[in-house]
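Q: I'd like to learn how to read strands, sheets and helix packing in a model like this one. Could we go through it together?

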Amino acid sequence: MAHPRSRRTRALAVPLGLALTASLGFLPTAATAASTDTAPAAAASDSGPLLSYVVNATPGHTMAGRIAKAITKAGGKVVIAHERIGVTVVHSANPQFAAEMRTVPGVQSAGATRTAPLKAQGTTDVGKPQRIDLSKSQLKAAGSVAKANGEEPLEPLQWDLPAIKADQAAKVNAGSRNVTVGIIDTGVDDTHPDLKPNFSAKQSANCVGGVADTSKGAWRPWNPDDDYHGTHVAGTIAAARNGVGVAGVAPGVKIAALKVSEPETSLFYAESVVCAFVFAADHGISVTNNSYYVDPWMFNCKNDADQAAIIDAVGRAASYAQRKGVLNVAAAGNSGLDLAAPQLPDASSPNDSTPVQRTINPKTCWDVPTQLPGTVTVAATGVHQLKSYYSNYGLGQIDVAAPGGDSRQVPELPAKNGNILSTMPGGDWAYLAGTSMATPHVSGVAALLKSAHPKSSPQELQWLLKEQADNPGCPTGDATCTGTKHVNSHFGYGIVDALDAVKK
């Protein structure tokens with residue numbers, strides 16, 4: 001992820017800002033999280049740190065009632081029960097809580113979602129991203145090109161749009177207002193002039209802690225200076241063609257913000273992500289964009305009871321969303337790893353306490369939600385249609401690829417920046433790179449597909465994404481790329497094609 005104080009691996013580097021316009025003013029303060037997000041007092045008999053847990057059982061109201069009684073008996077407090085998928089979020093200071101719940105009839109898995117104790121939520125200013133002003137000559141050149149071609153003012157700097165023919169697609173079908181992409185991320189600045197026309201407040205929420213808060217502004221970033229990731233993603237998906245700034249891949253669709261990042265740490269815990277998937281499913285969202293992995297484990301291993309419970313809980317929520325017609329799109333990650341290898345290193349987990357060195361088996365240890373069944377997994381490419389140097393890859397692991405940026409692949413003038421230009425909080429724009437930036441390109445194309453084929457199921461949309469993708473094939477001499485011209489480890493089925501999405 002792009003967060004300067006986080007180890008998240010979905011975006012790279014700090015933004016190279018384009019301070020082209022005056023700030024639109026301070027953002028309204030984000031609404032306070034729901035009271036259930038605040039840690040409850042521990043029972044007198046509890047002696048451990050207060051942690052958050054997921055308890056996964058047979059779905060249904062009757063079972064939920066039985067599980068609630070067992071939770072109370074084990075020293076837990078129910079935060080929220082998602083009865084339709086059988087997932088209950090719990091706070092408890094009983095160090096044996098998960099072990100006790102695993103013995104309860106009907107409980108299929110239970111485990112802690114974090115290794116660090118819960119604490120009261122708050123925000124803090126930890127500095128701004130490094131910004132480099134665009135020179136007057138570059139701005140003039142971009143403006144001249146844009147005016148001549150009828151483009152957005154900064155569109156000539158967006159090499160990524162023509163790379164997937166999104167500029168041509170916009171002239172055929174910019175996307176339907178009946179299609180909404182839910183951005184599960186750090187929140188979105190809906191006051192940005194490029195995002196405001198397409199933002200759906202009715203489909204947005206703050207899911208931090210596991211309970212959806214839909215009060216006005218709750219979906220906005222905790223700290224606009226630091227939590228810019230979701231806003232950048234939003235612009236790539238659906239920045240409006242309104243004569244301001246940049247253009248999105250699907251400038252006619254709507255976007256919604258589902259904020260799941262913890263304040264201060266920007267960690268994405270399972271209970272928040274479960275809330276976001278369920279909310280998306282129940283509020284008419286067509287596509288979710290997931291440019292993150294569920295903390296605190298880069299890979300969740302099924303032979304660990306806590307990590308298995310995380311896979312189970314998030315998997316149930318993602319599957320529920322799919323059954324309700326939602327296509328989930330997720331980033332492959334930026335560690336340069338072959339996800340099809342027999343084993344992989346992980347020295348960054350758990351990232352909310354003390355990481356340990358471990359070697360994992362990708363067949364039984366999953367990147368969540370990226371490797372969940374039915375999810376579209378996205379690798380990143382640069383301007384020369386080569387896999388970005390940082391992007392994870394793997395035969396049978398990558399579904400499609402899209403522009404994510406690469407500083408080693410530099411476009412011609414006027415851009416001269418190999419990263420992805422998009423929106424930032426406060427009415428600004430900036431460059432970023434990562435599979436975080438590749439994923440919203442795919443989400444945008446998926447939204448165009450849904451616009452052109454409104455009755456298509458998530459599975460059918462995924463088939464269309466793959467069928468229409470353009471595969472450049474393995475680069476000569478690159479031993480990391482295996483497979484065929486049609487399906488390989490770098491690009492999956494290929495780089496997505498926005499024009500085909502609206503014409504075929």
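Q: Where should I look to judge whether the faces of β2 are covered?
A: Check the residues on each side of the strand, counting a residue as buried under 20% relative accessible area, exposed over 50% and partly exposed in between (1.4 Å probe, protein chains only). On one side of β2, Leu 51, Tyr 53, Val 55 and Ala 57 are buried, and on the other Ser 52, Val 54 and Asn 56 are buried, so both faces are covered. That makes 7 of its 7 residues buried. Bear in mind that this is a predicted model, in which local features need pLDDT of at least 70, side-chain atom pairs count only at pLDDT 80 or more, and totals for chains, interfaces and linings use all residues. Residues are numbered from 1 along each chain as its sequence is written, and side-chain values use heavy atoms, with hydrogens and water left out.

Q: Which strands pair with β2?
A: Strands (E, at least two residues) and helices (H or I, at least four) are DSSP runs numbered from the N terminus, and two strands pair if DSSP finds at least two bridges between them. β2 is joined to β4 by 6 antiparallel bridges, with Tyr 53 facing Val 90 of β4 as its bridge partner. Another 5 bridges link β2 to β5, also antiparallel; here Ala 57 has Val 107 as its partner.

Q: What is the order of the strands in the sheet?
A: The open sheet has 4 strands, ordered β3-β4-β2-β5, with antiparallel pairing. β3 (76-82) and β5 (107-112) are the edge strands, each with a single partner, so one side of each has no neighbour in the sheet.

Q: Which helix lies across β2, β3, β4 and β5?
A: That is helix α1 (residues 61-73), which runs at about 160 degrees to β3. Angles run from 0 to 180 degrees between N-to-C directions, and axes are lines fitted to C-alpha atoms, for helices over the stretch in contact.

Q: How do α9 and α10 pack?
A: Two packed helices are described by the angle between their axes and the distance between the axes. For α9 (residues 435-452) and α10 (residues 458-468), the angle is about 110 degrees and the axes are 10 Å apart. The two are therefore roughly perpendicular (65 to 115 degrees; under 35 is roughly parallel, over 145 roughly antiparallel and the rest oblique). Their contact (heavy atoms within 4.5 Å) involves Val 442, Val 445, Ala 446, Leu 449 and Lys 450 of α9 with Leu 461, Leu 464, Leu 465 and Gln 468 of α10.
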